[in-house]
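Hi,

Here is the structure I promised to pass on. Have a look at it first, and my notes follow below.

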Amino acid sequence: RVRLHGEKLETLSSHPHAVLFGVHACGPLTDLIIDLALSWRAPVVLVPCCHDKRQCDGGNLVNTLGGPLAVDVTRVRRLLDAHYGVQL
């Protein structure tokens, strides 16, 4: 069964069968979804967009890779460091 919540992410509480989905999760919204997934240890599916290097963490890779790719590489690294499987 799928239950769709239209609430602010900050107000949701974890559930043992929760899966977090983010489609067209603009800028820092993708990072918030990753934060929740990591804190809940929940599976996460993301389709990020609007990579704003002023609002999103590109690590020290922005000058080398450019803003959008640096942001995505940094996000992938966070998930891998937390032992998530990542498929691109």
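**Cysteines, core and helix packing**

Cys49 counts as buried, at 15% relative accessibility. Keep in mind that this is a predicted model.

I went to the cysteines first. A disulfide needs the two sulfur atoms within 2.5 Å, and by that rule the count here is zero. For Cys26, the nearest cysteine sulfur belongs to Cys49 and sits 3.5 Å away, so with a cut-off of 2.5 Å Cys26 is in no disulfide. Cys49 is in no disulfide either, its nearest cysteine sulfur being that of Cys26. While Cys49 is buried, Cys26 is partly exposed, with a relative accessible area of 33%.

Next, the inside. The largest nonpolar core has 14 residues, and those touching the most other members are Leu9, Leu20, Ile33, Leu36, Trp40 and Tyr84. Two elements give two or more residues to this core, β1 (20-26) and α1. The largest share, five residues, comes from α1. If you want a spot to zoom in on, Leu36 touches Leu9 and Leu20, leaving aside residues up to four places away in sequence.

Helix α1 (residues 28-40) also packs with helix α3 (residues 67-81): their axes are 11 Å apart and the angle is about 5 degrees. That is under 35 degrees, so α1 and α3 are roughly parallel to each other. Which residues meet there? From α1 they are Thr30, Asp31, Ile34, Asp35 and Leu38, and from α3 Arg75, Arg78 and Leu79. By class, this contact has four charged, three nonpolar and one polar residue.

Cheers

Key: Residues numbered from 1 in each chain as written. Predicted model: local features only at pLDDT ≥ 70, side-chain atom pairs only at ≥ 80, totals over all residues. Heavy atoms only, no water. Axes fitted to C-alpha atoms, helices over the stretch in contact; angles between N-to-C directions. Helix = DSSP H or I, 4+ residues; strand = E, 2+ residues; numbered from the N terminus. Parallel < 35°, antiparallel > 145°, perpendicular 65-115°, else oblique. Contact = heavy atoms within 4.5 Å. Nonpolar A, V, L, I, M, F, W, Y, C, P; charged D, E, K, R; others polar. Buried < 20%, exposed > 50% of the residue type's maximum accessible area, 1.4 Å probe, protein only. Core = buried A, V, L, I, M, F, W, Y, C linked by side-chain atoms within 4.5 Å.
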